[in-house]
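Visitor: I am new to this structure and would like a close look at one part of it. Could you take me to the pockets, and then show me what else is worth seeing along the way?

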Amino acid sequence: MLKDRKGWRLQYHLMPPDGWLNDPNGLCQFQGIYHIFFQYSPNTPGPDGRFARTWGHYAGRDLLHLKYTGVPFWPTDPIDCNGCYSGSALTEGDHIRLYYTGNVKEPGNHDYTYSGRQANEILVETDGENFGEKNCLLTNRDYPENCSCHVRDPKVWKEGDTYYMILGARVKGPDLSADTDFGEVLFYQSDDGVHWNFLKALTSEKRFGYMWECPDYFCLGGKTFLSLCPQGLPEEEYRYQNIYQSGYFTVEGSLNDAQCLHDFREWDYGFDFYAPQSFVDERGRRLFIGWVGMPDAPYANPTAEPAGKGWENCLTVPRELSFENGIIHQNPVEELKDLRYDETPVMPHGSMILPDGAGDFEISFLEGTGDLDWSICFGDGAVLSYQEDVLRLTISDSAGFGRKERKVIIPDIEFLRILVDSSLLEIYVNDGEYVITSRFYPAYTGDHQNLNVRFSCDLAAVTGWKMKTMETNMNLV
Ligand code: FRU
């Protein structure tokens, strides 16, 4: 039995009230209030929603009590008439500065890659409730000449008295095609956050896709990282399994000097993860939120139906980043545990029923048993299995809507944390060394929309919790 249109709605993940959601934008905490903006086309799901893309806004005192406050600005000006695209926030003094890309498609016979598209970097100031005028800071003329029209997604930060902006770009190759164009990031520098000078371009030693979207640049544990979403990487059996990727390079060298990028690592190995953004909250944590979705994916979301009335996509739970043993670990923020209730020890071959399909599991494998085979079934929708060092997420034909299998090689699994939320799985392996995020659309039965999670794990201690519906989501239904 399919859930109805409101079915497969999420209990504790941020989703659009209706319509289409993509990238998280403008993440920040300002005067105690968390702000989570997102790419949004209200009313109409599907990537080509009736309205050009704009921003939606959630705000609240903590990450479990956010309120949807509406659309702060619309793509109604000549500088952004085809979309208020992705961007970031910088908190300063008594206001937040929001930087985004105004997308403009000029009329005429254009391919919109090499001609006909304007990318304007725009600033809007806000106190969190009132939003000021749009101020256009950079236009195509300000980008290096070898750039195509695809330049976007400003992430802005401040070091000492200097402001920095990073943009993602597609640089023209000799053939003007996806085969020879290449991705890079552009750095700009400013004394006031308004007037910007080009600092430099940075790319990988070897060509790494034709376009880099949604860059982020930050320090963690004394190292510098460049996060980005490369498009055009050839698919491999255990890597780059989605149409587009999302991951990070380690950066050697400093911004005002020569720099090189190495050791690209994917953030997530699931079907649905893209365009993440990080920010530091007032407790000093580097938090990280991704879009649970994938542009141009060969799979679908049944929640888009009925056409014109449905909704599509959501955000990951906020994750806290930490740097340990040479890699970045991602783990759900600790406050998420406040939603847990009914702690239940589950037998290694037992099961647990989740009302509304909402649960949280911790699975510890006994020392020395990290290489044993095991499997976990989520209703009739998905199976997570581990065999001969390969962790596999298999989605059933009826629940996948085109999603079938994702796999990753992990030599030893000691600990799993699994968030289950109606039509979504976030699987954290070995304290967030690897993450797998995916939508799935299992059949639900009964008044309580129960999902039965069944374990087949020898020598493991399994604890499950049911999860309450986040107040944010109760107000949305
Ligand atoms: C990534 C992206 C961004 C762009 C936005 C438009 O998903 O393509 O590069 O700013 O989405 O919605």
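Guide: What follows is a walk through the two largest pockets, and then on to some strands, a core and a few single residues.

Please keep in mind that this is a predicted model. Let's start with the largest pocket, which holds about 820 Å³ of space. Its lining is made up of 31 residues, and those nearest the centre are Arg53, Tyr85, Arg152, Glu213 and Pro295. Several strands give two or more residues to this lining: E1 (19-30), E5 (84-92), E6 (95-105), E9 (147-159), E13 (211-220) and E17 (274-280). If you sort the lining by character, you find 13 nonpolar residues, eight polar and ten charged.

Now turn to the second largest pocket, with about 350 Å³ of space. Here 21 residues form the lining, and Ala89, Leu90, Thr91, Phe279 and Val280 lie nearest the centre. Strands E1, E5, E9, E13 and E17 each give two or more residues to this second lining. Its residues divide into eleven nonpolar, five polar and five charged.

While we are at strand E13, pause at Cys214, which lies in that strand. Cys214 is buried, with a relative accessible area of 7%. Its backbone is worth a look too: phi of Cys214 is near 45°, a positive value in a residue other than glycine. Most residues other than glycine have a negative phi. Another residue of this kind is Asp431, where phi is near 55°, again positive in a residue other than glycine. You will find Asp431 in the loop between strands E31 and E32. Asp431 is partly exposed, at a relative accessible area of 42%.

Strand E31 (residues 424-429) also brings us to the largest nonpolar core, to which this strand gives the most, with five residues. That core has 83 residues, and Ile376 and Phe378 touch the most other members. Domain 1 (5-332) and domain 2 (339-473) both contribute residues to the core, so the core lies between them.

Next, find strand E25, residues 358-365. Seven of its eight residues are buried, so E25 is largely enclosed by the rest of the structure. E25 pairs with strand E30 (residues 415-421) in the antiparallel sense, over seven bridges. In that pairing, Ala358 has Asp421 of E30 as its bridge partner. E25 is also joined to strand E34 (residues 460-467) by seven bridges, and these two run antiparallel. There, Gly359 stands opposite Lys466 in E34.

A little earlier in the chain is strand E24 (residues 351-354), which shows two faces: Met352 and Leu354 are on the covered one, while Ser351 and Ile353 are on the uncovered one. Four bridges connect E24 to E33, and the two strands run antiparallel. Leu354, from the covered face, stands opposite Leu451 in E33.

Our last stop is Gln449, in the loop between strand E32 (434-439) and strand E33 (451-456). Gln449 is partly exposed, with a relative accessible area of 22%. To get a sense of scale, look from Gln449 across to Phe264: the two are 185 residues apart in sequence, and their C-alpha atoms are 40 Å apart in space.

Conventions. Residues numbered from 1 in each chain as written. Predicted model: local features only at pLDDT ≥ 70, side-chain atom pairs only at ≥ 80, totals over all residues. Heavy atoms only, no water. 1 Å grid on protein atoms, 1.4 Å probe; cavity = no way out; pocket = protein on both sides within 12 Å on 5 of 7 lines; lining within 4 Å. Points joined across faces, edges and corners; volume = space filled by probe spheres on them. Nonpolar A, V, L, I, M, F, W, Y, C, P; charged D, E, K, R; others polar. Buried < 20%, exposed > 50% of the residue type's maximum accessible area, 1.4 Å probe, protein only. Pairing = 2+ DSSP bridges. Core = buried A, V, L, I, M, F, W, Y, C linked by side-chain atoms within 4.5 Å. Domains from an automatic or database assignment.
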